[in-house]
Amino acid sequence: MEPQTEPLIDLSKYYGKKNLNKFSLEQELKEFMLFMKRINKSSAGPFHSMGPDHDAYIRSANILFNIWNKYKHRLPLHFYHEQLLMVGDFLAQLKEYRLALWQCYGRYLQQFNIDQISIDEITEIDQFKSIFFSSGLDAENTGLTFHALQGKSICNYQLVIDSDGSLLNLESMKKCMNILTFLRLIMQVVLPQERLCWLIYNGTIHIYTICRHLMILGHSAKAFEYLLWASICMESSVPLLTVRYLKWRTILYASVCQCYFDCQIDLHAEIFARRSLCKIQELSQLENMSSSTINPEDVKIFKESVIKMSVIIFKRAVIETRRKPKGLLRPKQRVVFKDTVNLPWPHNSTESLLAEMFDGSAAQFLAILEAVTNSYRRVLHTGPPLPAETEVYDVLMELILAGVEILAGTISQ
């Protein structure tokens, strides 16, 4: 998902079409961006202030430094700040995070005199407001300030990753957690302002980016609370409660569930998935009530979201429904799988649950893949996942056999 930007004001009513300074700045920035694209392409990626790209880095920094100094006092301040952040976003897209941080986001934030404090160490809402919004949240530059703070935060994170991608250094991990906390603080302040909902959306993207990296490195327990916060923010912002943002909301829901699974709290993953499924169905009902026409694209989005949540529910339900209640002693009858091959589909309770919860072989196969996957197992470790219960073994075998039949195309839906 791509971050959104604040809608720009209609400049023509302020400056007119013949404002030479405005057009001169735009032309110089256009030439600078073409230069950056060319350098970025020729160097096969971002260049750095040290090493063989040192001269190109210095040249680009000098060009941008001179442009900002040249036009700072020639243009209305709001328009000048818009251009700062626009170029910052452009540089961030090219992965030139250091340049974006120093010459764009950082330059914008110089007006708040925060040289003596690291912004990701600001943890109190009152402190945050007193530093950046002493005049209140209705000021003209409110959206730009939030935008700059988010941009600075994500650039700081990317610089941490550039120096320590595996977060082996405790200081690197601490910086990442401070950045996550600061992003959450920004969203706390923004959330009541519906006109700034695009910042909530961008904030969830930034939080997901960092948390996904933490999950890959095995730190799902640290990422969980921030992903949960991002999910709740998407639900709490009325402008974001539309079909347009449902795909992204579902991704956040699934990420929270994955954290539960990674932490081996499968019950909570199923509970959250069922809750998320209810939220999706509520939105579907509201859409049906508010519109008499059915949009095929919306139907597709709802179907995909329901399948994603149902897969998570199936992952636990298919195992738990077969487990014996604790304290119950009864003889175990082994299943002879070769005797079920010639029976009609579904052959067993596992396949019956598959057929009941999912329409179509693609969704069923996705559910099978998710059910036999455990993120906390060693990838190359042979044998069934823990716990080593006979019922679990049987379910896994049934899932594998069902997957083989789906791939072979022998199942008639």
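Glu270 sits in helix H12, one of the helices assigned in this predicted model. Helices here are DSSP runs of H or I with at least four residues, strands are runs of E with at least two, and both are numbered from the N terminus. At a relative accessibility of 10%, Glu270 counts as buried, where buried means under 20% relative accessible area, exposed means over 50% and partly exposed is what falls in between (1.4 Å probe, protein chains only). Leaving aside residues up to four places away in sequence, Glu270 touches Ile313, Arg316 and Ala317; a contact, here and below, means heavy atoms within 4.5 Å.

As for the ground rules, residues are numbered from 1 along each chain as its sequence is written, and side-chain values use heavy atoms, with hydrogens and water left out. Because this is a predicted model, local features need pLDDT of at least 70 and side-chain atom pairs count only at pLDDT 80 or more, while totals for chains, interfaces and linings use all residues.

Glu270 has company in H12: Ala269, Phe272, Ala273, Ser276, Leu277, Ile280 and Leu283 are buried too. The buried residues of this helix pack against three others, namely H10 (220–236), H11 (246–262) and H13 (296–320). H12 itself covers residues 266–290, and at 1.5 Å a residue its 25 residues should span 36 Å; the end C-alpha atoms are 36 Å apart, so the two agree. The expected span is taken as 1.5 Å times one less than the number of residues in the helix.

From the other side of that packing, Ser310 is a residue of helix H13. Its relative accessibility is 9%, so Ser310 counts as buried. Ser310 touches Leu277, Met357 and Phe358, again not counting residues up to four places away in sequence. Ser310 and Leu277 are 33 residues apart in sequence, yet their C-alpha atoms are 7.7 Å apart in space.

A little further along comes Arg323, in the loop between H13 and helix H14 (349–357). With a relative accessible area of 23%, Arg323 is partly exposed. The C-alpha atoms of Arg323 and Val392 are separated by 7.5 Å, although the two residues lie 69 apart along the chain.

Helix H15 (residues 361–371) has Ala363, Gln364, Ala367, Ile368 and Ala371 as its buried residues. Seen down the axis of H15, these fall within an arc of 140 degrees, so they line one face of the helix; the arc is that of the directions from the helix axis to the C-beta atoms. The spacing fits the usual helical geometry: an α-helix has 3.6 residues a turn, so residues three or four places apart point the same way.

Elsewhere in the chain, the axes of helix H6 (residues 125–132) and helix H8 (residues 170–190) come within 10 Å and cross at roughly 75 degrees. Axes are lines fitted to C-alpha atoms, for helices over the stretch in contact, and angles run from 0 to 180 degrees between N-to-C directions. H6 and H8 are therefore roughly perpendicular to each other, a label for angles of 65 to 115 degrees, with those under 35 called roughly parallel, those over 145 roughly antiparallel and the rest oblique. The residues that meet are Ile125, Phe128 and Lys129 in H6 and Phe182, Leu185, Ile186, Gln188 and Val189 in H8. By class, this contact has 6 nonpolar, 1 polar and 1 charged residues. Ala, Val, Leu, Ile, Met, Phe, Trp, Tyr, Cys and Pro count as nonpolar, Asp, Glu, Lys and Arg as charged, and the others, Gly among them, as polar.Two loop residues stand out for their backbone. Most residues other than glycine have a negative phi. Lys95, in the loop between helix H4 (77–93) and helix H5 (97–109), has a positive phi near 65 degrees. Leu167, in the loop between helix H7 (142–163) and H8, has a positive phi near 50 degrees, and at 6% relative accessibility Leu167 counts as buried.

Partly exposed residues also have partners far along the chain. Pro76, in the loop between helix H3 (54–71) and H4, counts as partly exposed at 33% relative accessibility, and its C-alpha atom is separated by 9.4 Å from that of Lys22, 54 residues apart along the chain. Arg212 lies in helix H9 (residues 197–216) and is partly exposed at 35%; the C-alpha atoms of Arg212 and Ser255, 43 residues apart along the chain, are separated by 8.1 Å.

Overall, the protein chain has 16 helices and 0 strands, and 46% of its 413 residues count as buried. Among contacts between residues at least 6 apart in sequence, 72% join residues at least 24 apart.
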